[in-house]
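Reader: Hello! Could you walk me through the empty spaces in this protein and the place where its ligand sits?

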Amino acid sequence: MQHTRIQLAQDDIPKQYYNIQADLPEALPPVIHPGTGQPIGPDDLAPLFPMELIGQEVSQERFIDIPDEVRDVYSMWRPTPLIRAVRLEKALDTPAKIYYKYEGTSPAGSHKPNTAVPQAYYNKVAGIKKLTTETGAGQWGSALSFACQLMGIDLEVYMVKASYNQKPYRRSMIQTWGGQVFPSPSDRTQAGRNVLSISPDSPGSLGIAISEAVELAATREDTKYALGSVLNHVLMHQTVIGEEVKRGFEIIGDEPDILVACVGGGSNFGGFTFPFLADKMNGKSDMRVVAVEPTAAPSLTKGQYVYDFGDTAQTTPLMKMYTLGHSFIPAPIHAGGLRYHGMAPLVCHLYDLGFIEAVAVTQTKVFEAAVLFARTEGIVPAPEPSHAIRVAIDEALRCKESGEAKTICFDLCGHGHFDMAAYDAHLSGSLEDYQYPETEVGKALSLLPKVG
Ligand SMILES: *Cc1c(COP(=O)(O)O)cnc(C)c1O
């Protein structure tokens, strides 16, 4: 029998998170207060996050212990499978070896619980009773609802309206785990009402939903806010993915030449690649690390590296990132988790320093790859990681031309069981492509905040 699944043991569940900030050759640019123009401090974030998470956000420690209670929860689905895609390799007739790390075995079906669980845990320990959050495709909202249920915390989720309507079952999942969910823009916040007054039919965006959730947490005493991506501590929690992948390759005595992951806010990409990037920054490895984004929201490949707001209503601090402009609303592609105007500052910094590459792909090409993957490997992938599958396949086909037997590993960060409407659209030939919206991005970039 062909051995396609690398066997990891319970003991291989990481005991510490890896903090890439400790190994950066240049420190991250500071986060700036939009009012004062000065770097923000812990007190500025205290209304939104518990102190432990604020500490992690700026920590320079290389490793941070994972609390036992969090590791216990992780053991419900971790270690996750690391699989060699032999049937996909055969279908492509490539000399390349293709591996994937499958995060879809978590209760919520994606990598999101890796950070939802510690975030809910640290809020519980700090005595917080309620969290608010936003969600795009519903992955983050459902993951946080699961985590809040385990930790005994109430949850309000603001869900991007396009997804709320396209993905009713993610909404039901949030409710099944006990969370409340509202379509965003909603009339429950000033930020939501402002958008509705200008465009009543707005499909919403992650930026708008973030504004709503932040507004509520900032104005209520017992409530804090949780973010599913972008921030340093979120990417750090996700490094359990990359640490396990590293361990898996140790076991089989191989090493990837190319790592590929999709980027929305950058968390699965960061979690998957950062444990490997330490070696690359030390000059010990020349591995290629590729971030894949949609042509409809191409922050890294088409954005500007400047200070911008994380949300549409301009309520968050200013972060230096590759951005399409906070007022840019991406087309309603099926990969809802990739519809974001900005990108994690850590990912942007590494891109700026030249340690990672980025490529943008169109959704019809993405779904062709997704279907080929499902027909060979069996798993029906979510539209987001199908962006990574597309590029992993393209790299494997390049190996076929050149005759090189490279080892490619990609992050299959979630299954697509709630995305079958998107598959229907693809299979019936009605899937639309959205090219780079140059005019809208130009307009949004002209509205960037001025930072001295
Ligand atoms: C949320 C999500 C994404 C996008 O977020 P990142 O922070 O970039 O990882 C991608 N894929 C899946 C399955 C998601 O749930």
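Author: Happy to; what follows takes the ligand first and then the pockets, and please keep in mind that this is a predicted model.

Reader: Thanks! In which space does the ligand sit?

Author: A molecule is placed in a cavity or pocket if more than half of its atoms lie within 2 Å of its grid points. By that test, the ligand belongs to the largest cavity.

Reader: How much of the ligand's accessible area does the protein cover?

Author: Let's start with the contacts. A polar side-chain atom of Ser 229 is 2.5 Å from a ligand oxygen atom, and one of Ser 267 is 2.7 Å from a ligand oxygen atom. On its own the ligand has 380 Å² of accessible area, and the share of this that the protein covers is 96%.

Reader: Which residue brings a backbone N or O atom to 2.9 Å from an oxygen atom of the ligand?

Author: Good one to check in your viewer. The residues that come nearest to the ligand, out of 16 around it, are Lys 112, Ser 229, Gly 264, Ser 267 and Asn 268. The backbone contact at 2.9 Å, though, is made by Gly 266.

Reader: How many residues of the shell around the ligand are polar?

Author: Glycine is counted as polar here. The shell has four nonpolar and two charged residues, and its polar residues number 10.

Reader: Now the pockets! Which element gives the most residues to the lining of the largest pocket?

Author: This pocket has a volume of about 810 Å³ and is lined by 39 residues, with Val 31, Ile 40, Leu 45, Glu 57 and Pro 317 nearest its centre. Elements giving two or more residues to that lining are H1 (42-45), H2 (51-58), H10 (206-219), H11 (232-237) and strand S13 (318-323). With four residues, the element that gives the most is helix H2.

Reader: How many nonpolar residues does that lining have?

Author: Let's take the classes in turn. In the lining of the largest pocket, three residues are charged, nine are polar, and the nonpolar ones number 27.

Reader: And how many charged residues line the second largest pocket?

Author: The second largest pocket has a volume of about 280 Å³, and Tyr 18, Phe 63, Glu 243, Lys 246 and Pro 275 lie nearest its centre among 16 lining residues. Strand S2 (16-18), helix H12 (239-252) and helix H13 (267-281) each supply at least two of the lining residues. By class, this lining has six nonpolar and two polar residues, and its charged residues number eight.

Definitions and conventions:
Residues numbered from 1 in each chain as written. Predicted model: local features only at pLDDT ≥ 70, side-chain atom pairs only at ≥ 80, totals over all residues. Heavy atoms only, no water. 1 Å grid on protein atoms, 1.4 Å probe; cavity = no way out; pocket = protein on both sides within 12 Å on 5 of 7 lines; lining within 4 Å. Points joined across faces, edges and corners; volume = space filled by probe spheres on them. Near = heavy atom within 4 Å. Polar contact = N/O pair within 3.5 Å; in protein donor to acceptor, adjacent residues only side chain to side chain. Areas by Shrake-Rupley, 256 points an atom, 1.4 Å probe, with all protein chains shown as cover.
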